[in-house]
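The following exercises concern helix packing and residue environment. Please work through each task before reading its solution.

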Amino acid sequence: MTPTHFSFTTAFILGLAGVAFHRTHLLSALLCLEGMMLSLFIALSIWSTHMGTANFSPAPMMLLAFSACEASAGLALLVATARTHGTDRLQNLNLLQC
């Protein structure tokens, strides 16, 4: 395993661990998801340049576009949650209460 592959794998696993174990605020969960998407984007762009073909070149841009859509939806949910509940703490959210 190359050092770059190890670093991107470690960054993805740290983001996943942050989402799984530190679920106190919605903003911290969104930041961990963005870190995961950033490590996937960099790894996919390096992989597509190593392949050397033009078939894989639009894949990192499509991932970046989906990541931007995910971030905007997450921020919209954060604002809606902060307006209705007064906080972004995940312990105060109840799915049975609308």
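**Exercise 1.** Leaving aside its neighbours within four places in sequence, with which residues is Ser 67 in contact?

*Solution.* The model is predicted: local features need pLDDT of at least 70, side-chain atom pairs count only at pLDDT 80 or more, and totals for chains, interfaces and linings use all residues. Residues are numbered from 1 along each chain as its sequence is written, and side-chain values use heavy atoms, with hydrogens and water left out.

Step 1. Locate the residue: Ser 67 is found in helix 3 (residues 59–85); helices are DSSP runs of H or I of at least four residues, numbered from the N terminus.

Step 2. Apply the contact criterion, heavy atoms within 4.5 Å. Outside the excluded neighbours, Ser 67 touches Glu 34 and Met 37.

Step 3. Ser 67 has 8% relative accessibility and therefore counts as buried (under 20% relative accessible area, 1.4 Å probe, protein chains only).

**Exercise 2.** Determine how helix 1 and helix 2 are arranged.

*Solution.* Step 1. The axes, lines fitted to C-alpha atoms over the stretch in contact, belong to helix 1 (residues 3–21) and helix 2 (residues 26–51); they come within 8 Å and cross at roughly 160°.

Step 2. Helix 1 is therefore roughly antiparallel to helix 2 (angles over 145 degrees, on a scale from 0 to 180 between N-to-C directions).

Step 3. The residues of this contact comprise 13 nonpolar, three polar and no charged, where Asp, Glu, Lys and Arg count as charged, Ala, Val, Leu, Ile, Met, Phe, Trp, Tyr, Cys and Pro as nonpolar, and the others, Gly among them, as polar.

Conventions:
Helices (H or I, at least four residues) and strands (E, at least two) are DSSP runs, numbered from the N terminus. Angles under 35 degrees count as roughly parallel, over 145 as roughly antiparallel, 65 to 115 as roughly perpendicular and the rest as oblique. Buried means under 20% relative accessible area, exposed over 50%, partly exposed in between (1.4 Å probe, protein chains only).
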